[in-house]
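Open the model in your viewer and keep the selection tool at hand. We will go from stop to stop, and at each one you select something and look.

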Amino acid sequence: MSDLLERLRARGWRLTAQRRVVAEVLDGDHVHLTADEVHARATARLPEVSRATVYNTLGELVALGEVVEVSTDGRAKRYDPNAHRAHQHLVCSGCGLIRDVHPTGDPLADLPSAERFGFAVAAAEVTYRGLCPGCAAKA
């Protein structure tokens, strides 16, 4: 059973066939699919999964904190099931590919007190941008 499915079962989340297939599609490292990509992959496994069910399930998974919604550069939102391990994102400026990265150091500690402007900073999101090997080869 996948890590995401195990977490959902532990929460007692009702796993209908449609919800289960959406969770299965999201499972894995470096998975950052759009809702339409989730829908396409889910219907390949279970043809009766509707687009509304996919959107509703993604919304519930985000609300539960089991999936993170990732928005980059005005592109379609992507859904990251790696919600329980601290990480940052590496985004291709060409094709939009997103990879999880785990840099060393603490981005919160790197922000000097003078640059916090009195904020009680609780979290930091760092996005690294560049060209993936495929786009770099075309450039």
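## Stop 1: a hairpin

Select strand 4 and strand 5: they form a hairpin with five residues between them. In the turn, Gly96 has a positive phi of about 90 degrees. Strands here are DSSP runs of E with at least two residues, helices are runs of H or I with at least four, and both are numbered from the N terminus.

A word on the model. It is predicted, so local features need pLDDT of at least 70 and side-chain atom pairs count only at pLDDT 80 or more, while totals for chains, interfaces and linings use all residues. Residues are numbered from 1 along each chain as its sequence is written, and side-chain values use heavy atoms, with hydrogens and water left out.

Now look at how the two strands meet. Strand 4 covers residues 88–92 and pairs with strand 5 in the antiparallel sense, over four bridges. Two strands pair if DSSP finds at least two bridges between them. Select His89 and you will find Asp100 of strand 5 opposite.

Show the side chains of strand 5, residues 98–101. Which of them are buried? Ile98 and Asp100 are, and they point to one face. Arg99 and Val101 point to the other face and are not buried. Buried means under 20% relative accessible area, exposed over 50%, and partly exposed in between (1.4 Å probe, protein chains only). In a regular strand the side chains alternate between the two faces of the sheet.

## Stop 2: Arg129

Go to strand 6, residues 127–130, and select Arg129. Arg129 counts as partly exposed because its relative accessibility is 46%. Which residues does Arg129 touch, leaving out those up to four places away in sequence? They are Thr72, Asp73, Val91 and Ser93. Contact means heavy atoms within 4.5 Å. Add Gly94 to the selection: Arg129 and Gly94 are 35 residues apart in sequence, but 9.7 Å apart in space, C-alpha to C-alpha.

## Stop 3: two cysteines

How many disulfides does the structure hold? The number is zero. Select Cys92 and Cys135: their sulfurs are 3.6 Å apart, which is too far for a bond. A disulfide needs a pair of cysteine sulfur atoms within 2.5 Å. Cys92 counts as buried because its relative accessibility is 3%. Cys135 also counts as buried, at 15%.

## Stop 4: the nonpolar core

Next, select Leu26, Val38 and Leu58. Of the 21 residues in the largest nonpolar core, these three touch the most other members. Such a core is a set of buried Ala, Val, Leu, Ile, Met, Phe, Trp, Tyr and Cys residues joined through side-chain atoms within 4.5 Å. Helix 1 (3–11), helix 2 (17–26), helix 3 (35–45) and helix 4 (51–64) each give two or more residues to this core. Helix 2 gives the largest share, five residues.

Stay on Leu26. Beyond its neighbours within four places in sequence, Leu26 has contacts that include Leu4, Val31, Tyr79 and Pro81.

## Stop 5: an unusual phi

Move to the loop between strand 5 and strand 6 and select Phe117. Phe117 is not a glycine, yet its phi is positive, about 50 degrees. Is Phe117 buried or exposed? Phe117 is exposed, because its relative accessible area is 64%.
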